[in-house]
Amino acid sequence: MFPFGRSDDPPSRLALIDLGSNTALLSVLFGAPQEARCLRVAEELQIMTGLGRDKGPNGELDEAAKKRVLRALGHFAGRLHALGVPPSAVLAATTAAMREAPDGREFMALIRERTGIELQVISGEEEAEYVALAQEHSLPEALPILMIDIGGGSTEVALRRRGSTDWKTSTPIGSVKISEAHGTDLDALSAAAREATAHLPPARGPHTVVGVAGTVTTGFSVARSLRVWDPSQVQGKSMTRDEVLQTARRLAVMSPGERRSVPGLPPGRADYIVGGLIILATVMEHYNAMNLRISDRGVRFGLLWERYPLAVVEG
């Protein structure tokens, strides 16, 4: 967890950054003048960087991917300066691609030097804890929550109750990894996903399944043909396992160019969405889940609530 002292009141301007294996995410929040603990989302940015793609023979980060990340985080730094967010009010984490790369620490130092953004690598279990915490605050009415977070380099699953996580686990398979290995071959993807998730713990008792992160929100957007990204049209909505599979099958038979023109599908996810959806469907099958709720509040919001547990986010 982040080595920060706990404080009830967040700063008036705060930024949350999640550098994942495929996407860099930034959320900027402003406090309300009358109520310091009440925050509103002032700006959100999403840039596809593909940090976990095309790694070297020993797992080294790809040079082109590193350049994309530096451009993305440089842009984030510019926005933080323009919006008046000080470096002390930035909570930033990075996940599977960086923690697995032998040159990850060296690259993080370069990011800090070039952009001023100080990232902290979090483990798979910490990642699961942060995302589970974010769901408790975002969808409290859904507790207990079985959280499924499909990332580019790993998949996290956790069972969250009010105030605590019963269990959490991380498996090193994500949408980028499985797609680089098996493309859009549905049989091969399904076999790989089942093998990777067979160890998942049981989730006893009633619970709500919540799917988190880009694979899930993109799958929902494609299934609903949402042409413009609007979190209010996604957060808390529902999707069935049949819809997940139907969407994966529809996209699998398309060419890469055809997928890039599908409404709701960002071009940077076109090569990896099928694999991610198959992982999601497989985990749902493992838990006999016929439907799930959607959340776009992942690791970065867990950072917020771990540091400022009494904060309330609007919008």
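The lining of the largest pocket comprises 13 nonpolar, 19 polar and nine charged residues (Ala, Val, Leu, Ile, Met, Phe, Trp, Tyr, Cys and Pro count as nonpolar, Asp, Glu, Lys and Arg as charged, and the others, Gly among them, as polar). The structure is a predicted model, in which local features need pLDDT of at least 70 and side-chain atom pairs count only at pLDDT 80 or more, while totals for chains, interfaces and linings use all residues. Residues are numbered from 1 along each chain as its sequence is written, and side-chain values use heavy atoms, with hydrogens and water left out.

About 660 Å³ of space lies in this pocket. A pocket is an open set of points on a 1 Å grid over the protein atoms alone, where a 1.4 Å probe fits and protein lies on both sides within 12 Å along at least five of seven lines; lining residues have an atom within 4 Å of a point. Grid points are joined across faces, edges and corners, and the volume is the space filled by probe spheres set on the points. Of the 41 lining residues, Leu-25, Gln-46, Ala-213, Gly-214 and Arg-269 are the closest to the pocket centre. At least two lining residues are supplied by each of β2 (23-31), β3 (38-48), β6, α7 (214-223) and α11 (299-307); the largest share, five residues, comes from α7. Ala-213 lies in the loop between β9 and α7 and has a positive phi of about 90 degrees although it is not a glycine.

The chain contains eleven helices and twelve strands (DSSP runs numbered from the N terminus, with helices being H or I of at least four residues and strands E of at least two). Its radius of gyration is 18 Å, close to the 20 Å that the globule rule gives for 315 residues, so the chain is as compact as a globular protein of that length; the radius is taken over C-alpha atoms, and the rule is 2.2 Å times the number of residues to the power 0.38. The C-alpha trace spans about 50 × 45 × 35 Å along its principal axes.

One open sheet of six strands has the order β5-β4-β1-β2-β3-β12, with mixed pairing (two strands pair if DSSP finds at least two bridges between them). Its edges are β5 (120-121) and β12 (312-314), each with a single partner strand, so one side of each is left without a neighbour in the sheet. Strands β2 and β3 run antiparallel and are joined by nine bridges; Phe-30 has Arg-40 in β3 as its bridge partner. Helix α1 (residues 63-83) packs on this sheet, touching β1 (13-19), β2, β3 and β4 (90-94), and its direction makes about 10 degrees with that of β2. Contact means heavy atoms within 4.5 Å; axes are lines fitted to C-alpha atoms, for helices over the stretch in contact, and angles run from 0 to 180 degrees between N-to-C directions.

Another open sheet of six strands, also of mixed pairing, follows the order β8-β7-β6-β9-β11-β10. Its edge strands, β8 (164-171) and β10 (238-240), each pair on one side only, and the twist averages 25 degrees from one strand to the next. Five bridges join the parallel strands β6 (residues 145-150) and β9 (residues 208-212), with Ile-145 opposite Thr-208 in β9. Helix α8 (residues 241-252) lies across β10 and β11 (291-295), at about 70 degrees to β10. Helix α10 (residues 273-286) lies across β6, β7 (155-161), β10 and β11, at about 155 degrees to β6.
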